[in-house]
Amino acid sequence: MLQIEHLGIAVADLAAANALFARLSGAPAYKVETVESEGVSTSFFKVGPNKLELLEATRPDSPIAKFIDKRGEGIHHVAFEVADIRAEMARLKAEGFTLLSEEPKRGADNKLVCFVHPKGTNGVLVELCQEIR
Ligand code: CO
């Protein structure tokens with residue numbers, strides 16, 4: 001693990017949340033991106049060296065829609081940047097963690113991503129991400 005890359009926050013209304021987080025952080029989102037395969041629209045804010053990702057569902061069966069139905073808006077995941085996502089996936093699997101996909105997927109912000117099931121991580125959804133170069 002290299003660093004905490006971003007925190008993901010589930011929101012019901014991305015446009016409203018973009019305006020709110022722009023006021024909160026003092027700068028607008030630097031990127032807005034829809035990942036249709038995952039059923040999410042996302043936006044990214046920089047705060048010093050750190051990032052926040054806001055996520056809105058694009059359809060009712062989106063993981064974000066399910067999360068908000070169950071738990072309401074709020075912190076959805078913690079993303080760790082890794083140098084070699086396949087190696088980290090193999091390592092975590094060997095450590096007994098449950099991965100939500102067998103292969104890395106294309107995520108937002110030019111990343112390969114894989115999620116770790118929150119049942120094995122004290123209720124925290126963990127994202128591994130590797131920059132695509
Ligand atoms: Co994320």
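Q: What makes the contact between the side chains of D109 and K111 a salt bridge?
A: The term requires a side-chain nitrogen of Lys or Arg within 4 Å of a carboxyl oxygen of Asp or Glu. In this predicted model, which uses residue numbers counted from 1 along each chain as its sequence is written, the N to O distance of D109 and K111 is 3.4 Å, so the pair qualifies. Local features need pLDDT of at least 70 and side-chain atom pairs pLDDT 80 or more, whereas totals for chains, interfaces and linings use all residues; side-chain values rest on heavy atoms, without hydrogens and water.

Q: Why is D109 called buried or exposed?
A: Buried means under 20% relative accessible area, exposed over 50%, and partly exposed in between (1.4 Å probe, protein chains only). D109 has 6% relative accessibility and therefore counts as buried. K111 is buried as well.

Q: Which other residue meets D109 in a salt bridge, and which parts of the chain does that pair tie together?
A: The side chain of K31 meets D109 at 2.5 Å, N to O. K31 lies in strand β2 (residues 31-35) and D109 in the loop between β6 (105-107) and β7 (111-116), so the pair joins parts that are 78 residues apart in sequence. Strands are DSSP runs of E with at least two residues, helices are runs of H or I with at least four, and both are numbered from the N terminus. K31 has 27% relative accessibility and is therefore partly exposed. K31, D109 and K111 belong to a network of salt bridges that also includes E5, K51 and E131.

Q: How do you know that E36 and R59 form a salt bridge?
A: Their closest N and O atoms are 3.3 Å apart. The pair links the loop between β2 and β3 (40-47), which holds E36, with the loop between β4 and α2 (63-71), which holds R59, 23 residues apart. E36, at 46%, counts as partly exposed, and R59, at 30%, does too. The structure holds 12 salt bridges.

Q: What makes residues donors of the cobalt ion, and which are they?
A: Donors are N, O and S atoms within 2.8 Å of the metal (3.2 Å for Na, K and Ca); water is not among the atoms, so a site may look incomplete. H6 (NE2), E53 (OE), H77 (NE2) and E127 (OE) coordinate the cobalt ion at 2.1 Å. E53 lies in strand β4 (residues 50-57) and E127 in strand β8 (residues 125-131), so this pair ties together parts 74 residues apart. Both E53 and E127 are buried.

Q: Why is the site of the cobalt ion called irregular?
A: Four donors are tetrahedral if all angles lie between 85 and 135 degrees; four are square planar and six octahedral if opposite donors are over 155 degrees apart and all others between 65 and 115; anything else is irregular. The angles among the 4 donor atoms run from 83 to 168 degrees, so the tetrahedral range is not kept. The site is classed as irregular.

Q: How do you know that the radius of gyration of the protein chain agrees with that of a compact globule?
A: The radius is taken over C-alpha atoms, and the globule rule is 2.2 Å times the number of residues to the power 0.38. With 133 residues, the rule gives a value near 14 Å; the protein chain has 14 Å, and therefore agrees. The C-alpha trace spans about 45 × 30 × 25 Å along its principal axes, and 40% of the residues count as buried.
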